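Work through the following exercises with the sequence and the coordinates side by side. Each task is followed by a solution that proceeds step by step.

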Amino acid sequence: MKYKIALFLLLIFALQSCQDDNEKRLAENAKEAKKNAKIFNNINKAWIFIDEPINEVSEQNIKTWTEWRDFIKEIGDKPRKTIGAFQKKSTAISKKAMALNNSIPNEFNQPAIKSRISVLITKIKMMDLFIHLSQIPDDKVAFLIGEINKELVSLERQMDKIVERSKVPKEQGEEDFLKMLDTTRAIPNASVPIDPNLPRVE
């Protein structure tokens, strides 16, 4: 009889323990779901990219520069419903941004544009990295979206400056002078032999 009572009490204790574990797990799951919902809402609210051209030059680029058009279209399509959708979109944006570097039009193939594209790519890659972490720092993702927008504006303004500068008429002989400068820089000064016995000023 004592054995049966002990077994009965042990069974009740085990059932109570399982119930406590289940309640604990449910409470943790609810807490995690609430946290994820907050992260999703913060990212959803911050996910606004400048996908409209800010000047005429950028508008022209959309028509003529395929990679630029694809990139602008990609950032303009906002994901919906889940964090997973934002993660996929972030990866897609990163790929389209990388493609910009491979096909810069000749008139924009200059250090000022290349450096801005590089900075833009870096910030997009950082956003993509943060959004794929197991614990997503939504504040950092939101901050980087703002930074990416600043870089987009900076890039488009630089393109505009280059186009405006190209419209300024060159003075007579300026083109020849610039060509001459380029060719003299390109030719190494190897025609003059250096005498190793001559004293050198260090």
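**Exercise 1. Describe the overall architecture of the chain.**

Solution. The model is a predicted one, and the chain in it has 7 helices and 0 strands, so that the order of elements along the sequence reads α-α-α-α-α-α-α. Turning to burial, 28% of the 202 residues of the chain count as buried. The accessible surface of the chain comes to about 14700 Å², and 58% of that area belongs to carbon and sulfur atoms. Finally, when contacts between residues at least 6 apart in sequence are considered, 74% of them join residues at least 24 apart.

**Exercise 2. Identify the largest nonpolar core and the elements that build it.**

Solution. The largest nonpolar core has 37 residues, and those with the most contacts inside it are Ile-43, Trp-47, Trp-68 and Phe-71. Two or more residues each are given to this core by α1 (2–46), α2 (56–64), α3 (66–76), α4 (83–100), α5 (111–131) and α6. Of these, α6 gives the most, with 9 residues.

The surroundings of two residues can then be examined. Leaving out residues up to four places away in sequence, Phe-71 touches Ile-93, Lys-96, Ala-97, Leu-100, Leu-120, Ile-124 and Leu-152. Leu-155 is found in helix α6 and counts as buried, at 0% relative accessibility. With neighbours within four places in sequence again set aside, Leu-155 is in contact with Trp-68, Ile-113, Arg-116, Ile-117 and Leu-120. For one of these partners, Ile-117, the C-alpha atom is separated from that of Leu-155 by 7.2 Å, although the two residues are 38 residues apart along the chain.

**Exercise 3. Classify the ring geometry of the pairs Phe-40 with Phe-86 and Trp-65 with Trp-68, and state how accessible the residues are.**

Solution. The model contains 5 aromatic pairs. In the pair of Phe-40 and Phe-86, the rings are 5.6 Å apart centre to centre with 65 degrees between the planes, and the arrangement is edge-to-face, because planes over 60 degrees apart are classed in that way. Phe-40 lies in helix α1 and Phe-86 in helix α4, so this pair ties together parts that are 46 residues apart in sequence. Both partners are buried: Phe-40 has a relative accessibility of 15%, and Phe-86 has a relative accessible area of 0%.

In the second pair, the ring centres of Trp-65 and Trp-68 are 5.7 Å apart and their planes are at 20 degrees, so the pair is stacked. Trp-65 is buried with a relative accessible area of 2%, and Trp-68 is buried with a value of 0%. Beyond single pairs, Phe-40, Trp-47, Phe-49 and Phe-86 form one aromatic cluster.

**Exercise 4. Trace the salt bridges of Lys-123 and set them beside that of Lys-73.**

Solution. Side chains of opposite charge can pair when their charged atoms come close. The model holds 5 salt bridges. Lys-123 forms one with Glu-147, the closest N and O atoms being 2.9 Å apart; Lys-123 lies in helix α5 and Glu-147 in helix α6, so the bridge ties together parts that are 24 residues apart in sequence. Lys-123 also forms a salt bridge with Glu-151, where the closest N and O atoms are 3.2 Å apart, and since Glu-151 lies in helix α6 as well, this pair ties together parts that are 28 residues apart in sequence.

Burial is the next step. Lys-123 is buried at a relative accessible area of 17%, Glu-147 is buried at 15%, and Glu-151 is buried at 14%. These three residues belong, along with Lys-150, to a network of salt bridges.

Lys-73 forms a salt bridge with Asp-77, with the closest N and O atoms 3.7 Å apart. Here Lys-73 counts as exposed at 56% relative accessibility, while Asp-77 counts as partly exposed at 35%.

**Exercise 5. Which side chain of opposite charge is nearest to Asp-138?**

Solution. Asp-138 is placed in helix α6, which covers residues 138–167. The nearest side chain of opposite charge is that of Lys-38, which is 5.9 Å away, and Asp-138 is buried yet has no salt bridge; the cut-off for such a bridge is 4 Å. Apart from residues up to four places away in sequence, Asp-138 touches Ile-39, Asn-42 and Ile-43.

Technical notes: Residues numbered from 1 in each chain as written. Predicted model: local features only at pLDDT ≥ 70, side-chain atom pairs only at ≥ 80, totals over all residues. Heavy atoms only, no water. Helix = DSSP H or I, 4+ residues; strand = E, 2+ residues; numbered from the N terminus. Buried < 20%, exposed > 50% of the residue type's maximum accessible area, 1.4 Å probe, protein only. Contact = heavy atoms within 4.5 Å. Areas by Shrake-Rupley, 256 points an atom, 1.4 Å probe, with all protein chains shown as cover. Lys, Arg positive; Asp, Glu negative; His and termini not counted. Core = buried A, V, L, I, M, F, W, Y, C linked by side-chain atoms within 4.5 Å. Phe/Tyr/Trp six-rings, centres within 6.5 Å; stacked < 30°, edge-to-face > 60°.
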